[in-house]
Structures are given as C-alpha cells and as structure tokens.
Amino acid sequence: INVQLILEKMGGGGHITLAGAQLEGFSLEDAKDELVIRINDFRTGCEFVSFFWRYMKIVFQNPLINRS
C-alpha cells in the first residue's frame, strides 16, 4: 500500500512506505476512523484500476475484436 497517497488525502505526506499527517481537532478515535476510511477508499480505487487493466488486456489480446 502506498501510504504517501493515503496520508496526502489527510493533509500529510511522506514516502511510499513511510508517511504521516497532523490532524488537529480530531480525537484519537476520530483520527483512526478517518484513516480507515481513507485506506478503504485507496483500496477500492486500486481494485478498480486493477480490474480495468485486466479488462483492457483481455480486450487487446482478443483477435475477434475489430480495432479499426
């Protein structure tokens, strides 16, 4: 998981494997809930991209599809 992309959505940043954010006005529980939401959003986006590229690979490898 690219934690940099997740933490950027929360106003932070860092590197692909190490990132952080300062969340003012959040309780520890609220910060945890927000992080879980952002991780799930990231995973959902990755799953969509992965599905899309698998689909495109199938389309472009199929000789029966007219690409003209």
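A polar atom in the side chain of Asn2 lies 3.1 Å from the backbone nitrogen of Gln4. That is a good place to enter this model, which is predicted. Asn2 sits in the segment before α1, the helix that spans 3–8. Is Asn2 buried or exposed? Its relative accessibility is 17%. Buried means under 20%, so Asn2 counts as buried. Which residues does Asn2 touch, once those up to four places away in sequence are set aside? They are Ile16 and Phe42.

Now move along the chain to Phe26. This residue is found in a loop. On one side of the loop is β2 (19–20), and on the other is α2 (28–61). Phe26 has a relative accessibility of 40%. The partly exposed class runs between 20% and 50%, so Phe26 counts as partly exposed. Phe26 also has contacts beyond its neighbours within four places in sequence. These are with Ala31 and Glu34.

Next comes helix α2 itself, where Phe52 lies. At 34% relative accessibility, Phe52 counts as partly exposed. Phe52 does not face the surface by itself: a nonpolar patch there is formed by Phe48, Val49, Phe52 and Trp53. How much accessible area do these four residues have together? The figure is about 440 Å².

Look back over the stops. Asn2 is buried, at 17%. Phe26, in its loop, is partly exposed at 40%. Phe52, in helix α2, is partly exposed at 34% and belongs to the nonpolar surface patch.

Key:
Residues are numbered from 1 along each chain as its sequence is written. This is a predicted model: local features need pLDDT of at least 70, side-chain atom pairs count only at pLDDT 80 or more; totals for chains, interfaces and linings use all residues. Side-chain values use heavy atoms; hydrogens and water are left out. Helices (H or I, at least four residues) and strands (E, at least two) are DSSP runs, numbered from the N terminus. Buried means under 20% relative accessible area, exposed over 50%, partly exposed in between (1.4 Å probe, protein chains only). A polar contact is a pair of N or O atoms within 3.5 Å; within protein, one must be able to donate a hydrogen and the other to accept it, and residues adjacent in sequence count only if both atoms are side-chain atoms. Contact means heavy atoms within 4.5 Å. Patches are made of residues with over 30% relative accessible area and no salt bridge: like charges are joined within 9 Å, nonpolar side chains (Val, Leu, Ile, Met, Phe, Trp, Tyr) within 5 Å. Accessible areas come from the Shrake-Rupley method with a 1.4 Å probe; for residues, only the protein chains shown count as cover. A salt bridge is a side-chain nitrogen of Lys or Arg within 4 Å of a carboxyl oxygen of Asp or Glu.
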